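Please look over the sequence and the structure shown here, and read the report below alongside them.

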Amino acid sequence: MSLLRVAHLSDPHFGTIRMGVGEGLLNILREVQPALILLTGDITQRARVDQFKAAKYFIDQIGAAAVIAVPGNHDISLGNIYERIFHPYKGYENIFKQKLDQNIVLKDLCITCLNSTSRWRHIQGDFQHSYLEKQFQENYSHCKVRIVAFHHPMDCAKHIDDKNLLKGRNDAIALFDRHNVDMVVGGHIHDPYVNLSSARYPHIQRKIILSVAGTCLSSRTRSGAPNSFNLIDINTDLIPKITLTRFDMDSTFHFMQKEIYNFSRDSTLSWNCDSSLIVPD
């Protein structure tokens with residue numbers, strides 16, 4: 001058995017951050033002490049050097065937690081056509097020194113990081129089927145829980161965001177099902193959402209947890225969705241369990257618990273939501 005705590009942050013959009021928000025996020029991260037920070041893209045607003053440097057400065061202040069990241073569509077230059085075509089991920093690679101896609105193993109947990117962006121697309125995400133198959137060639141069955149992370153969401157709360165969902169999501173969810181993925185996390189739409197895959201993908205028998213994080217730092221928030229992040233506690237006991245807690249920022253720049261979801265996995269490797277709670281203000 002192992003207990004692991006992951007802080008899932010998304011869409012900070014460095015270059016659009018209000019004063020006070022960054023310090024509030026750093027304070028709560030130091031308090032909850034995650035083993036890992038998982039950052040699912042749109043790290044910058046326009047992929048500029050100064051914005052990536054600001055991201056690096058922020059990350060260096062987090063403390064002992066390891067940080068892994070995947071790029072978002074905003075992390076590829078929009079105005080510099082040469083850089084977009086020939087060096088689309090230069091800024092990201094300079095800061096994170098990581099592969100665009102990788103498998104991270106922490107004790108009994110495997111996190112598969114994927115790149116859903118492309119130099120040829122400005123907004124919407126997609127995967128080539130051959131790309132996905134290649135990323136899942138290695139066998140991580142010794143890990144008791146597997147999370148897949150990429151920028152574009154697999155589900156959303158509002159119909160207006162359907163156009164922002166991953167383009168090849170039906171093929172992707174089928175592959176995730178075959179490889180016994182337990183949870184898929186992303187961002188992009190700045191509207192946090194948690195659900196089981198059965199709601200949007202009823203043809204997939206095994207239920208997978210789908211989670212979308214809001215923007216953790218940017219002023220580009222949506223109505224009813226303040227700056228937020230998700231804290232994911234993973235228990236790889238005989239019956240694996242995942243607790244996801246969403247933290248929303250209040251008017252005094254404090255991040256407070258807003259929603260808590262408790263999931264457990266059954267003998268068919270399908271996940272069930274045992275309870276959910278909205279924390280009163």
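In this predicted model, the buried residues of helix H1 are Val21, Gly22, Gly24, Leu25, Leu26, Ile28, Leu29 and Val32. What covers these residues includes strands S1 (3-9) and S2, helix H2, and strands S10 (228-235), S11 (241-249) and S12 (255-265). Just after H1, Gln33 takes a positive phi of about 50°.

Helix H2 (residues 49-60) lies on the path of the chain from strand S2 to strand S3, and this β-α-β crossover is right-handed. Its buried residues are Gln51, Phe52, Ala55, Phe58 and Ile59; seen down the axis of H2, they fall within an arc of 120°, so they line one face of the helix. An α-helix has 3.6 residues a turn, so residues three or four places apart point the same way. The face of H2 turned away from the buried side carries the exposed residues Val49, Asp50, Lys53, Tyr57 and Asp60. Among the elements that cover the buried residues of H2 are helix H1 (21-32), strand S3 and helix H4 (90-96).

The table sets out the lengths of the two helices.

| Helix | Residues in helix | Span between end C-alpha atoms | Expected span at 1.5 Å a residue |
|---|---|---|---|
| H1 | 12 residues | 17 Å | 16 Å |
| H2 | 12 residues | 17 Å | 16 Å |

For H1 the span agrees with the expected value, and for H2 the span is close to the expected one.

How, then, do the strands S2 and S3 pair? Strand S2 (residues 36-40) and S3 pair in the parallel sense over five bridges, and Thr40 has Val70 of S3 as its bridge partner. Four of the five residues of S3 (residues 66-70) are buried, so this strand is largely enclosed by the rest of the structure.

Elsewhere, an open sheet of six strands with mixed pairing follows the order S4-S5-S6-S7-S9-S8. Strand S4 (102-106) and strand S8 (193-196) stand at its edges, each with a single partner strand, so one side of each is left without a neighbour in the sheet. From one strand to the next, the twist averages 15°. At one of these edges, S8 is joined by four bridges to strand S9 (residues 209-212), and the two strands run antiparallel; within this pair, the bridge partner of Leu196 in S9 is Ile209. Strands of a sheet pair through backbone hydrogen bonds, either parallel or antiparallel.

Notes: Residues are numbered from 1 along each chain as its sequence is written. This is a predicted model: local features need pLDDT of at least 70, side-chain atom pairs count only at pLDDT 80 or more; totals for chains, interfaces and linings use all residues. Side-chain values use heavy atoms; hydrogens and water are left out. Buried means under 20% relative accessible area, exposed over 50%, partly exposed in between (1.4 Å probe, protein chains only). Two strands pair if DSSP finds at least two bridges between them. A crossover is right-handed if, with the strands pointing away from the viewer, the path from the first strand over the helix to the second runs clockwise. The expected span of a helix is 1.5 Å times one less than its number of residues. The arc is that of the directions from the helix axis to the C-beta atoms. Contact means heavy atoms within 4.5 Å. Axes are lines fitted to C-alpha atoms, for helices over the stretch in contact, and angles run from 0 to 180 degrees between N-to-C directions.
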